[in-house]
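Got your viewer open? Load the structure below and get ready to click your way through it.

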Amino acid sequence: MLTGTVSFETEAPDADAIMARMAAAGDVYPWLVAADSETVLGYAYAGRFRERAAYRFAVETTIYLADAAQRRGIGRRLYGALLDDLRGRGFTQAIGVIALPNDASVALHEAIGFRAAGRFAAAGCKFGRWVDVGYWQCALADRAGGAV
């Protein structure tokens, strides 16, 4: 996380910071954690996509996996559970944001139904290097009758 550009965090959040983020999500946006005994292998969560009310059916999703959890199917199960939870809550679109290049994250997103939706050149800067950011989108539900 801190030595690469997979995350744009510049300091590792401690347990209190993560708990505060989870509390801020309230009952609206889920956080899921994959663990093996007492070791956290990864987590996935959703949050508000944009502030305006018209975006209320879309969420931004995020997943992080420990190195030891990669290539074991944990990411697919964790992210799949998150998307199922979001469907149950009535969300219609999930937007994944990926710092590029990141072949593993792109492959995971596309394996569970996300499709490339756009790219922003040099949207972030970490370690003195400009990093492109890609958006991947997954339709969670039929929008025909779901608008409120």
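Here is a short tour with a few stops. Keep in mind that this is a predicted model.

**Stop 1: helix α2.** Select residues 74-88. Those 15 residues make up α2, and from its first C-alpha to its last the helix reaches 21 Å, close to the 21 Å expected at 1.5 Å a residue.

Now colour Ile74, Gly75, Leu78, Tyr79, Leu82, Leu83 and Leu86: these are the buried residues of α2. Why do they sit on the same side of α2? Because they cover an arc of only 155 degrees around the axis. Swing round to the other side of α2 and you'll find Arg76, Arg77 and Gly88, which are exposed.

What covers the buried residues of α2? Show β1 (31-36), β2 (39-48), β3 (58-65), β4, α3 (103-111) and β6, which are included in that cover.

Before leaving, click glycine 90, which follows α2 and has a positive phi, near 90 degrees.

**Stop 2: strand β6 and its partners.** Select residues 129-139 to light up β6, then add β4 at residues 93-100. The two run antiparallel and are joined by 8 bridges. To see one pairing, pick alanine 94 and its bridge partner in β6, cysteine 138.

Next, add β5, residues 115-126. β5 pairs with β6 over 8 bridges, again in the antiparallel sense. Here, try alanine 116, whose bridge partner in β6 is tryptophan 136.

**Stop 3: the turn.** Follow the hairpin of β5 and β6 to the 2 residues between the strands. Click phenylalanine 127 there: it takes a positive phi near 60 degrees.

Technical notes:
Residues numbered from 1 in each chain as written. Predicted model: local features only at pLDDT ≥ 70, side-chain atom pairs only at ≥ 80, totals over all residues. Heavy atoms only, no water. Pairing = 2+ DSSP bridges. Helix = DSSP H or I, 4+ residues; strand = E, 2+ residues; numbered from the N terminus. Expected span 1.5 Å × (residues − 1). Buried < 20%, exposed > 50% of the residue type's maximum accessible area, 1.4 Å probe, protein only. Arc of directions from axis to C-beta. Contact = heavy atoms within 4.5 Å.
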